[in-house]
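Work through the following exercises with the sequence and the model at hand. Each task is followed by its solution in steps.

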Amino acid sequence: MGFVIGDIIVKLILFLICRVYSSKILAAKALSQDHRNDVVVNSVVLISAYLGIYFIFELIFISSFFIIYSYFHEQVFLMKRCKCMGTC
């Protein structure tokens, strides 16, 4: 659990750093979004694992479906955006 908390903290710091430079550097904006998504997903995983172990076991499965859906939705949105922009 300590590694996940450490990962969340590091990704949050990287998100804030990239957010500062996102107006100047386009790659920093993409990295900022990626770090934000990692923080959200890892936080959901950590919270649902804790609650699943101690309270509601089914919460682990519900959160896994949420994570799969969020990644799938993000990839579909990215593919649609690249197709519209002609960059892919």
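Helices (H or I, at least four residues) and strands (E, at least two) are DSSP runs, numbered from the N terminus. This is a predicted model, in which local features need pLDDT of at least 70, side-chain atom pairs count only at pLDDT 80 or more, and totals for chains, interfaces and linings use all residues. Residues are numbered from 1 along each chain as its sequence is written, and side-chain values use heavy atoms, with hydrogens and water left out.

**Exercise 1. Chain overview**

Task: State which pattern the chain follows when read along the sequence, and what share of its residues is buried.

Solution. Step 1: the secondary structure comes to three helices and zero strands. Step 2: along the sequence this reads α-α-α. Step 3: buried means under 20% relative accessible area, exposed over 50%, and partly exposed in between (1.4 Å probe, protein chains only). Buried residues make up 22% of the 88 residues in the chain. Step 4: contact means heavy atoms within 4.5 Å. Among contacts between residues at least 6 apart in sequence, 48% join residues at least 24 apart.

**Exercise 2. Helix spans**

Task: Check the end-to-end spans of H1 and H2 against their expected values.

Solution. Step 1: the expected span of a helix is 1.5 Å times one less than its number of residues. Step 2: H1 covers residues 2-21, and its 20 residues should span 28 Å. Its end C-alpha atoms are 29 Å apart, which agrees. Step 3: H2 covers residues 26-54, and its 29 residues should span 42 Å. The end C-alpha atoms of H2 are 43 Å apart, which also agrees with the expected span.

**Exercise 3. The buried face of H1**

Task: List the buried residues of H1 and say what they pack against.

Solution. Step 1: the buried residues of H1 are Ile 8, Lys 11, Phe 15 and Cys 18. Step 2: seen down the axis of H1, they fall within an arc of 100 degrees, so they line one face of the helix. The arc is that of the directions from the helix axis to the C-beta atoms. Step 3: on the other side of H1, Gly 2 and Val 20 are exposed. Step 4: the buried residues of H1 pack against H2.

**Exercise 4. Geometry of the H1 and H2 pair**

Task: Classify the relative direction of H1 and H2 and give the handedness of their crossing.

Solution. Step 1: axes are lines fitted to C-alpha atoms, for helices over the stretch in contact, and angles run from 0 to 180 degrees between N-to-C directions. Step 2: the axes of H1 and H2 come within 8 Å and cross at roughly 155 degrees. Step 3: angles under 35 degrees count as roughly parallel, over 145 as roughly antiparallel, 65 to 115 as roughly perpendicular and the rest as oblique. H1 and H2 are therefore roughly antiparallel to each other. Step 4: their crossing is left-handed. A crossing is left-handed if the near helix is turned anticlockwise from the far one by less than a right angle, and right-handed if clockwise.

**Exercise 5. Residues of H2**

Task: Describe the burial and contacts of His 35, Val 39 and Val 44. Contacts of each residue leave out residues up to four places away in sequence.

Solution. Step 1: His 35 lies in helix H2 and is buried, with a relative accessible area of 9%. His 35 touches Lys 11, Leu 14, Phe 15 and Cys 18. Step 2: Val 39, also in H2, counts as buried at 14% relative accessibility. Val 39 touches Ile 8, Lys 11 and Leu 12. The C-alpha atoms of Val 39 and Phe 15 are separated by 8.7 Å, at 24 residues apart along the chain. Step 3: Val 44 is in H2 and counts as partly exposed at 23% relative accessibility. Val 44 touches Ser 63 and Phe 66. Val 44 and Ser 63 are 19 residues apart in sequence and 7.1 Å apart in space, C-alpha to C-alpha.
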